[in-house]
Amino acid sequence: MAVLSKESYALMRQCLNLPAALAAVELLSNEAELRYGSFYPVGDMIVGLRYHKPGKGSGRKAFGRTLKIADGRIIPTPYADVNITPSRVPHHVEHGFGYWHINDEQEMSIRLQLEDGRRATMLLEGFPQAGRKDRFAWYCMRCLTPLYMGEIETGRVGLPGFWLAEEKATLEFNADLQLRTCRECGWQHPLGYSWFEAHDTPEQATARLKW
Ligand SMILES: [Zn+2]
């Protein structure tokens with residue numbers, strides 16, 4: 001005769017009270033814009049929302065292509081409704097952030113058309129658990145020789161630590177012409193720049209337009 005094991009009983013009890021069980025996102029609400037403006041934890045994921053207002057400039061320069069390094073070359077990803085980046089695939093958004101992001105987590109972005117005419121992009125990835133690392137990397141864009149990389153354990157320092165490490169790696173890369181010069185082919189990499197356009201030096205602002 002089947003019996004309910006102690007372990008099954010304990011698990012079933014535990015399932016009654018999981019955090020974020022009632023998470024739902026109403027895209028047109030101010031609450032969603034505020035809560036998910038950066039990233040917000042939901043269960044085992046973190047969720048972000050980026051709203052795009054047609055016509056009205058957000059103050060940011062328009063993003064260019066999303067590039068990935070795959071099959072040993074730089075490939076522009078197609079402009080699509082859903083984009084998935086498996087873990088550790090280096091990716092870069094032109095004019096958005098000036099490095100190759102290498103994430104231990106898989107990332108997913110979903111493009112949404114809202115009823116009020118705006119578009120939104122929903123970003124999904126795994127919650128930064130202990131040991132999870134993010135990297136800010138630069139490759140020679142001619143021959144893909146690795147040039148420099150900063151690394152942070154996001155699972156330990158959280159998102160504020162992530163953003164600090166991003167700026168630190170960018171400063172280190174920019175401070176040393178030798179780091180930016182490919183030891184294989186001699187190509188000189190443009191300066192890096194962070195996600196925060198408002199922090200750009202004049203030289204970084206120029207680099208942001210380039211790549
Ligand atoms: Zn090179």
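Biologist: What share of the 211 residues in the protein chain is buried?
Modeller: This is a predicted model, where local features need pLDDT of at least 70, side-chain atom pairs count only at pLDDT 80 or more, and totals for chains, interfaces and linings use all residues. Residues are numbered from 1 along each chain as its sequence is written. A residue is called buried if 20 or more other C-beta atoms, placed from the backbone, lie within 10 Å of its own; it is exposed with 12 or fewer and partly exposed in between. Among the 211 residues of the chain, the buried share is 18%.

Biologist: How many helices and strands does the protein chain have?
Modeller: Happy to count with you! Both are DSSP runs numbered from the N terminus, with at least four residues (H or I) for a helix and at least two (E) for a strand. The chain has 4 helices and 11 strands.

Biologist: Which element gives the most to the largest nonpolar core?
Modeller: A nonpolar core is a set of buried Ala, Val, Leu, Ile, Met, Phe, Trp, Tyr and Cys residues joined through C-beta atoms within 7 Å. The largest one has 12 residues, including Trp-100, Phe-136 and Phe-173. Strand E10 (133–139), strand E11 (146–153) and helix H3 (154–174) each give two or more residues to this core. The top contributor, with 4 residues, is E10.

Biologist: Which strands do the buried residues of H3 pack against?
Modeller: The buried residues of H3 include Ala-165, Ala-169 and Phe-173. Contact here is defined by C-beta atoms, placed from the backbone, that lie within 7 Å. Phe-136, for example, touches Glu-166, Ala-169 and Thr-170, among others. The buried residues of H3 pack against E10 and E11.

Biologist: Where does H3 bend?
Modeller: A straight helix of 21 residues would span 30 Å (1.5 Å times one less than its number of residues), but H3 spans only 23 Å between its end C-alpha atoms. The bend at a residue is the angle between axes fitted to the seven residues ending there and the seven starting there. For H3 the bend is about 80°, at Pro-160.

Biologist: Which residue in the turn between E3 and E4 has a positive phi?
Modeller: Strands pair if DSSP finds at least two bridges between them. E3 (residues 66–70) and E4 (residues 73–76) run antiparallel and are joined by 4 bridges, with Ile-69 opposite Ile-74. They form a hairpin with 2 residues between them, and the turn residue with a positive phi, about 55°, is Asp-71.

Conventions. Contact = placed C-beta atoms within 7 Å. Lists of a residue's contacts leave out its neighbours within four places in sequence.
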